[in-house]
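Dear colleague,

Here is the structure you asked to have handed over. The findings follow below it.

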Amino acid sequence: MITRKEDMYDLIILGTGPAGLAAAVYAARYKMNFLVIGALSGGTVTQAHMVENYPGIEGVTGIELGKRMADHAEKLGSGITADLIKKIEKKDGYFVLHGSKEYETKRILLAIGAERTKLKIKGEDEFLGKGVSYCATCDGPFFKNKTVCVVGGGNAAVTSALYMAELAEKVYLIYRGTELKAEPAWIESLESQKNIETIYNANITEIQGENKVEKVFLDNNREIEADGVFIEIGSTPNKALIAGLGLTTDDRGYITVDSELKTGAKGIWAAGDIAQNGFKLRQAITAAAEGAIAVYSIYLDTKK
Ligand SMILES: Cc1cc2nc3c(=O)[nH]c(=O)nc-3n(C[C@H](O)[C@H](O)[C@H](O)COP(=O)(O)OP(=O)(O)OC[C@H]3O[C@@H](n4cnc5c(N)ncnc54)[C@H](O)[C@@H]3O)c2cc1C
């Protein structure tokens with residue numbers, strides 16, 4: 001089959017989180033020939049119990065915010081396809097994305113976020129779905145009146161601990177550092193919660209149980225009887241998907257971009273959590289803003 005470049009998309013936006021959906025809103029209003037592909041509609045923000053820091057949209061669940069973004073993009077006529085892309089192939093002047101079918105495009109906006117980082121300890125994989133979880137909002141209700149551990153010290157960990165404190169009888173927040181990194185407003189709420197105990201300078205070394213989580217071991221020789229372990233220690237880029245595209249990344253694998261969100265590879269832009277351009281805040285609002293900037297740059301590129 002001969003691929004005719006004029007028949008393919010001008011742009012495929014890969015990712016349906018805040019970056020991809022904001023990009024879709026802008027691309028629709030620029031009347032571009034584009035497609036949006038994503039595995040999880042709304043992206044990672046759907047895992048937030050409550051979003052309190054998105055201007056104009058106060059106190060909504062992450063699921064609701066993600067849904068509103070997807071509805072907005074669709075209302076403007078964005079074609080959104082649910083698919084998991086397993087491979088991106090670079091051809092001469094265009095790209096082929098391999099999912100449940102093949103998609104051809106002249107340009108790609110990578111808005112693929114990052115995957116949840118694992119602790120890489122004994123019992124973590126074994127008890128996944130049997131007490132081990134990476135999403136308090138999704139799995140929290142299974143731990144009503146139980147004891148849980150939340151691991152981490154940033155916003156995601158602290159907000160997950162706060163959410164779990166509403167459901168569980170006791171919450172242990174286990175953090176390897178000496179000072180939590182979350183927003184001071186969240187830390188204030190945490191400190192006022194009677195059923196949260198924060199354990200500093202500690203790492204979980206092992207998760208044990210019969211058929212489900214029953215106990216965790218810490219490297220300070222402490223053992224905690226717990227029914228659940230929520231791991232909130234950040235994210236890691238999907239290096240395999242972007243390998244071979246000629247992108248430059250930082251030492252953690254985040255894609256380096258310039259002020260227009262252009263990557264080091266011709267025809268590829270990156271926005272949101274996956275992108276790295278100096279000082280970085282990984283939040284829904286910054287991801288959405290980068291999606292908009294990237295599409296403006298791509299739109300100008302289509303006019304060349
Ligand atoms: C528990 C938690 C709570 C949070 N709370 C807040 C908060 O209160 N406020 C806030 O502003 N931010 C919050 N965040 C951060 C926020 O979720 C992220 O910064 C934001 O979602 C990043 O948007 P993104 O579009 O870059 O990536 P993501 O939202 O991660 O979206 C990535 C998208 O790419 C898709 N994708 C990835 N790989 C593929 C593939 N191979 N094929 C197809 N699709 C693919 C995914 O399915 C998804 O649709 C929270 C994060 C977590 C984990």
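Between the two domains of this predicted model, contact involves 8 residues of domain 1 and 9 residues of domain 2. Putting the two together buries about 660 Å², and carbon and sulfur atoms account for 56% of that area. On the domain 1 side, the residues that lose the most area to domain 2 are Q47, H49 and R116, which together make up 69% of what this side buries. The C-alpha centres of the two domains are 31 Å apart. As for the bounds, the assignment puts 5–116 and 235–302 of the protein chain in domain 1, and 132–231 in domain 2.

Next, the ligand. The residues around the ligand number 31, and L40, T44, I85, D273 and A284 come nearest. By class, this shell holds 16 nonpolar residues, 11 polar ones and 4 charged ones. Two helices, α1 (18–29) and α7 (284–302), each supply at least two residues of the shell.

Polar contacts from the ligand to the backbone include these:

- A39: a polar backbone atom is 3.1 Å from a nitrogen atom of the ligand.
- V45: a polar backbone atom is 3.2 Å from an oxygen atom of the ligand.
- A111: a backbone N or O atom is 3.4 Å from an oxygen atom of the ligand.

How much of the ligand's accessible area does the protein cover? On its own the ligand has 990 Å² of accessible area, and the protein covers 91% of it.

Regards

Terms used: Residues numbered from 1 in each chain as written. Predicted model: local features only at pLDDT ≥ 70, side-chain atom pairs only at ≥ 80, totals over all residues. Heavy atoms only, no water. Near = heavy atom within 4 Å. Polar contact = N/O pair within 3.5 Å; in protein donor to acceptor, adjacent residues only side chain to side chain. Areas by Shrake-Rupley, 256 points an atom, 1.4 Å probe, with all protein chains shown as cover. Helix = DSSP H or I, 4+ residues; strand = E, 2+ residues; numbered from the N terminus. Nonpolar A, V, L, I, M, F, W, Y, C, P; charged D, E, K, R; others polar. Domains from an automatic or database assignment. Contact = heavy atoms within 4.5 Å. Buried area = accessible area lost by both parts, 1.4 Å probe.
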